[in-house]
Amino acid sequence: MCRTRAFYVPGVAPINFHQNDPVEIKAVKLTSSRTQLPYEYYSLPFCQPLKITYKAENLGEVLRGDRIVNTPFQVLMNSEKKCEVLCSESHKPVTLSVKESRLVAERITEDYYVHLIADNLPVATRLELYSNRDGDDKKKEKDVQFEHGYRLGFIEGNKIYLHNHLSFILYYHREDLEEDQEHTYRVVRFEVIPQSIRLEDLKVDEKSSCTLPEGTSSLAQEIDPTKENRLYFTYSVHWEESDIKWASRWDTYLTMSDVQIHWFSIINSVVVVFFLSGILSMIIIRTLRKDIANYNKEDDIEDTMEESGWKLVHGDVFRPPQYPMILSSLLGSGIQLFCMILIVIFVAMLGMLSPSSRGALMTTACFLFMFMGVFGGFSAGRLYRTLKGHRWKKGAFCTATLYPGVVFGICFVLNCFIWGKHSSGAVPFPTMVALLCMWFGISLPLVYLGYYFGFRKQPYDNPVRTNQIPRQIPEQRWYMNRFVGILMAGILPFGAMFIELFFIFSLDIVEFIPSLLYFGYTALMVLSFWLLTGTIGFYAAYMFVRKIYAAVKID
């Protein structure tokens with residue numbers, strides 16, 4: 001029998017390290033929960049290697065703002081380092097100019113985090129929280145939590161301090177091999193303890209080694225934005241053996257809480273959806289029960305000859321709207337979005353979108369939205385023919401460009417502002433051209449293809465005929481006005497947007513660009529949410545009304 005090596009499909013193949021093998025530390029980006037502007041690692045004056053090499057990134061990584069690049073950290077497998085100085089001329093401190101000091105102070109004030117990776121594992125900061133602070137020290141229960149990345153610095157007493165020393169703690173799992181084979185190791189966790197140590201408290205020799213101050217008597221490294229600052233960038237490496245196997249090494253990271261997820265906004269939207277759906281369902285069910293009971297009475301035939309209730313509008317309820325092309329285009333885009341979300345959730349539940357594959361979720365979502373254009377075009381074409389439409393070519397073009405065009409326009413305007421801030425979140429021009437090629441080269445032809453077959457298919461068969469002359473609508477009460485109806489229909493999107501706006505205003509953001517990004521992303525979220533829920537609601541109501549009129553006896 002021959003020996004083979006295999007790995008499971010959702011993730012990537014594990015990397016086996018031998019003793020003293022190099023473990024490369026790479027930088028991803030700088031992020032902040034207060035702004036939506038990620039930055040490259042070397043946008044700040046960190047120590048750089050002799051040759052900067054950027055990793056080839058996929059579409060999802062580019063859209064997320066990841067710019068993975070190598071760093072000068074020298075880490076060897078299972079090899080300890082007490083303290084080592086970075087930069088080429090290590091025995092000399094780094095001098096930050098006034099401009100660089102001001103930039104670092106600004107990033108610390110904006111609460112930026114630094115994200116590093118080792119063997120594709122993101123770095124995490126351990127937080128130890130104690131539940132009963134007032135009790136005895138022996139009775140205190142320690143709750144260990146982790147947060148993504150590490151803080152660039154902190155503010156204390158109106159002074160800004162920089163974390164210039166990083167204590168890396170890497171955990172490895174020793175693989176069980178035969179006696180005559182050399183042991184191999186696999187990295188299963190990557191932690192960091194950031195520290196701020198003043199220049200005068202560090203002792204550096206000519207061999208790039210340093211000595212950390214003992215105890216907590218040392219002062220932190222202050223960054224004065226009004227003058228030049230001299231400091232050392234140092235790091236230490238500590239290895240620990242762990243029982244966690246390679247297949248379970250992402251469990252710790254998946255249980256982390258993300259500060260950028262607004263759970264209150266999500267819960268509020270879900271509660272409002274169920275609340276309004278419940279009220280509407282109760283009203284419709286009570287009305288239907290009463291009307292159907294009156295329609296199907298065999299005792300009072302003479303009283304039921306006069307149409308009332310649902311029978312009164314049976315000749316107008318399926319009348320085509322004033323703009324059938326726009327309606328069918330929006331519903332087709334909603335079907336396209338719904339199919340994309342459904343398949344992404346299903347594939348993620350199967351474990352095919354592993355967190356080790358960076359950007360895979362967004363890349364999959366983009367490509368699926370393009371390929372789901374055939375289903376969106378099919379549903380839009382059939383609905384357009386049902387609504388007595390005739391210009392199917394124009395309808396197909398409207399379906400393929402209306403919603404994507406609005407989204408692309410908003411993103412392009414926001415991207416122009418992000419370009420001006422020199423953020424890594426700005427989509428490069430080649431990537432934007434690639435998205436346009438995907439839009440017009442994949443989505444547009446598939447929408448035309450689906451629209452063609454949908455328009456040729458038999459239209460939906462309505463249970464009742466539509467009158468040629470529209471029924472005269474009597475004068476309605478004030479709460480039945482169109483303006484009031486628009487306000488009532490906008491409660492759900494406004495509920496989700498209001499929580500987001502409350503979150504924005506509570507951040508005390510005074511800059512124009514971060515506020516504009518929050519408003520832009522909120523508008524995109526509300527637009528997509530409205531399109532998705534509107535499509536589902538329309539088809540649910542349409543099928544529901546068809547069944548109701550098919551069940552009611554109408555002469």
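The residues that line the largest cavity of this predicted model divide into eight nonpolar, three polar and no charged. The chain has 555 residues, of which 42% count as buried, and its elements are 13 helices and 17 strands. Among the contacts in the chain with a separation of 6 or more, 79% join residues that are 24 or more positions apart.

**Cavities**

- Three cavities of 30 Å³ or more are counted.
- The largest cavity holds about 100 Å³ of space.
- Its lining is made up of Y41, F46, C47, F73, L86, Y150, H163, N164, L166, F233 and T234.

**Leucine 166, a lining residue**

- L166, one of the residues that line the largest cavity, lies in strand β12.
- L166 counts as buried because its relative accessibility is 5%, and buried means under 20%.
- Leaving out residues up to four places away in sequence, L166 touches F73, L116, Y150, V192, I193, P194, T234, Y235 and S236.
- One of these residues, Y235, is 69 residues from L166 along the chain, yet the two C-alpha atoms are separated by 4.6 Å.

**Nonpolar cores**

- The largest nonpolar core has 52 residues.
- Y41, L116, F168, L170, F190 and W239 are the residues with the most contacts inside this core.
- At least two residues of this core come from each of β1 (25-32), β4 (94-96), α2 (98-109), β5 (112-118), β11 (159-162), β12 (165-174), β13 (185-195) and β17 (234-241).
- A second core, separate from this one, has 18 residues, including L337, M340, F369 and Y403.
- W239 is in contact with V23, V75, L76, M77, N78, S79, E80, L170, Y172 and V187, leaving aside its neighbours within four places in sequence.
- Y41 appears both in the lining of the largest cavity and in the list of residues with the most contacts inside the largest core.

**Helices α6 and α7**

- Helix α7 covers residues 360-371, and its twelve residues should span 16 Å at 1.5 Å a residue; the end C-alpha atoms are 16 Å apart, which agrees.
- The buried residues of α7 are A360, T363, A365, C366, L368, F369 and M370.
- An α-helix has 3.6 residues a turn, so residues three or four places apart point the same way.
- The buried residues of α7 pack against five helices: α1 (59-64), α6 (324-349), α8 (373-386), α9 (392-420) and α10 (429-456).
- F369, one of the buried residues of α7, is also among the residues of the second core.
- The 26 residues of α6 should span 38 Å at 1.5 Å a residue, and the end C-alpha atoms are 37 Å apart, which agrees.
- Just after α6, G351 takes a positive phi of about 85°.

**Buried residues with polar or charged side chains**

- R67, which counts as charged, lies in the loop between α1 and β2 (69-70).
- R67 is buried because its relative accessible area is 11%, and the limit for buried is under 20%.
- Not counting residues up to four places away in sequence, R67 touches A27, V28, E40, Y54, E57, E61, V62, S424, A426 and P428.
- H115 has its place in strand β5.
- With a relative accessible area of 17%, H115 is buried, again by the limit of under 20%.
- H115 touches K26, A27, V28, K29, T31, V123, H148 and G149, not counting residues up to four places away in sequence.
- A27 and V28 are among the residues that R67 touches and also among those that H115 touches.

**Positive phi outside glycine**

- Most residues other than glycine have a negative phi.
- N120 is not a glycine, but its phi is positive, at about 70°.
- N120 is found in the loop between β5 and β6 (121-122).
- At 23% relative accessibility, N120 counts as partly exposed.
- H422 is not a glycine either, and its phi is positive, at about 55°.
- H422 is found in the loop between α9 and α10.
- H422 is exposed because its relative accessible area is 68%, and exposed means over 50%.

Technical notes
Residues numbered from 1 in each chain as written. Predicted model: local features only at pLDDT ≥ 70, side-chain atom pairs only at ≥ 80, totals over all residues. Heavy atoms only, no water. 1 Å grid on protein atoms, 1.4 Å probe; cavity = no way out; pocket = protein on both sides within 12 Å on 5 of 7 lines; lining within 4 Å. Points joined across faces, edges and corners; volume = space filled by probe spheres on them. Core = buried A, V, L, I, M, F, W, Y, C linked by side-chain atoms within 4.5 Å. Buried < 20%, exposed > 50% of the residue type's maximum accessible area, 1.4 Å probe, protein only. Helix = DSSP H or I, 4+ residues; strand = E, 2+ residues; numbered from the N terminus. Contact = heavy atoms within 4.5 Å. Expected span 1.5 Å × (residues − 1).
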